[in-house]
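Open the model in your viewer and keep the selection box at hand. Each stop below says what to select and what is there.

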Amino acid sequence: MKKIAFGLLVLLGNVSLAQENTDVKKETKFQVGVHYVGNLRNENIISDGFNGIVGISANYAIYQNEMISIFGGLNIDYLQSRDLFLQNDILIWNPNASIEVDVFKGKLKPFFGIGYAFFSNDFKYVTGISDPMDPAITIREKKLNFNGLTINPGLKYHVSDLFFIEGNYKYFPINSNDFDGAANTHFINLGLGFKF
């Protein structure tokens, strides 16, 4: 019984010391996160053709003070095809820069990011569609490239010096040299991350 009591005393002592150490502001430069990607329907080939699945992000603090942090980073979002027009799943690569401001003087901090995203996909089409038995009918494949600027406002709630919860919106007007016009896509991301 004395060993159990002593063990509990040591455990509680370590927990209280650990809590005291969290009050010390730890300087962190890197942020790594994982998030759910919500692809909002907007009647275009990207919004209607893909389900948002998951994304990862990595950011490095180029400049920090008590009020602002300026980051450079990379987001990679995975979207799953609904097998309509573009049949392969895609990875959207999004290098970006963002600024996070401590306007509320607390754990909740808004941020604003701007970047450039790009991805490619294979489009399959059939030639010689007048007669299905025609031996000239072949399935051809063409790689389509898509790109565009991204605008990304959001909020981070810093649970501790090493952990945060994040919610943000990303606007991505997708352009392609293979199509006329842009596909305006809207993503809602919810996730969590770690700082080190």
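Begin at the second largest cavity, where strand 5 provides the largest share of the lining, 3 residues. The model you are looking at is predicted.

**Stop 1: the second largest cavity**

Select Asn75, Asn94, Asn96, Gly113, Ile114, Gly115, Thr150, Asn152 and Lys170; these line the second largest cavity. The space inside is about 30 Å³. Strand 4, strand 5 and strand 6 each give at least two residues to this lining. Now colour by class: 7 lining residues are polar, 1 is nonpolar and 1 is charged.

**Stop 2: Ile114**

Keep Ile114 and hide the rest of the lining. Ile114 sits in strand 5. Is Ile114 buried, partly exposed or exposed? Its relative accessibility is 45%, so Ile114 counts as partly exposed, since that class lies between 20% and 50%. Show its contacts beyond four places in sequence: Asn96, Ala97 and Thr150. Then draw a distance from the C-alpha atom of Ile114 to that of Pro95. The viewer should give 8.8 Å, for two residues 19 apart along the chain.

**Stop 3: the largest cavity**

How many cavities of 30 Å³ or more does the structure hold? There are 2. Move to the largest, which has about 180 Å³ of space. Its lining has 18 residues; select Asn59, Asn75, Phe111, Asn152 and Glu166, the ones nearest its centre. Asn75 and Asn152 also appear in the lining of the second largest cavity.

Next, show the strands around this space. Strand 1 (30-40), strand 2, strand 4 (90-101), strand 5 (108-127), strand 6 (138-158) and strand 7 (163-175) each contribute at least two lining residues. Colour the lining by class again. Here 12 residues are polar, 3 are nonpolar and 3 are charged.

**Stop 4: Ser57**

Select Ser57, in strand 2 (residues 50-64). Is Ser57 buried or exposed? Ser57 is buried because its relative accessible area is 10%, and the cut-off for buried is under 20%. Leave out its neighbours within four places in sequence and show what Ser57 touches: Gln31, Val32, Gly33, Leu74 and Asn75. Asn75 is among the residues nearest the centre of the largest cavity.

**Stop 5: strands 2, 3 and 4**

Show strand 2 with strand 3 (residues 68-81). The two run antiparallel and are joined by 13 bridges. They form a hairpin, with 3 residues between the strands. For a landmark, pick Ala61 and look across to Phe71, which stands opposite in strand 3.

Add strand 4. It pairs with strand 3 over 12 bridges, again in the antiparallel sense. The landmark here is Asp77, with Ile92 of strand 4 opposite.

**Stop 6: the whole chain**

Zoom out and switch to cartoon. The protein chain has 2 helices and 8 strands. In what pattern do they follow along the sequence? Trace α-β-α-β-β-β-β-β-β-β.

Colour by burial: of the 196 residues, 33% are buried. Turn on the surface. The accessible area is about 12,000 Å², and carbon and sulfur atoms account for 65% of that. Last, bring up a contact map. Among contacts with a separation of 6 or more, 57% link residues 24 or more positions apart.

Notes:
Residues are numbered from 1 along each chain as its sequence is written. This is a predicted model: local features need pLDDT of at least 70, side-chain atom pairs count only at pLDDT 80 or more; totals for chains, interfaces and linings use all residues. Side-chain values use heavy atoms; hydrogens and water are left out. Helices (H or I, at least four residues) and strands (E, at least two) are DSSP runs, numbered from the N terminus. Buried means under 20% relative accessible area, exposed over 50%, partly exposed in between (1.4 Å probe, protein chains only). Contact means heavy atoms within 4.5 Å. Accessible areas come from the Shrake-Rupley method with a 1.4 Å probe; for residues, only the protein chains shown count as cover. On a 1 Å grid over the protein atoms alone, a cavity is a set of points where a 1.4 Å probe fits but cannot get out, and a pocket is an open set with protein on both sides within 12 Å along at least five of seven lines; lining residues have an atom within 4 Å of a point. Grid points are joined across faces, edges and corners, and a volume is the space filled by probe spheres set on the points. Ala, Val, Leu, Ile, Met, Phe, Trp, Tyr, Cys and Pro count as nonpolar, Asp, Glu, Lys and Arg as charged, and the others, Gly among them, as polar. Two strands pair if DSSP finds at least two bridges between them.
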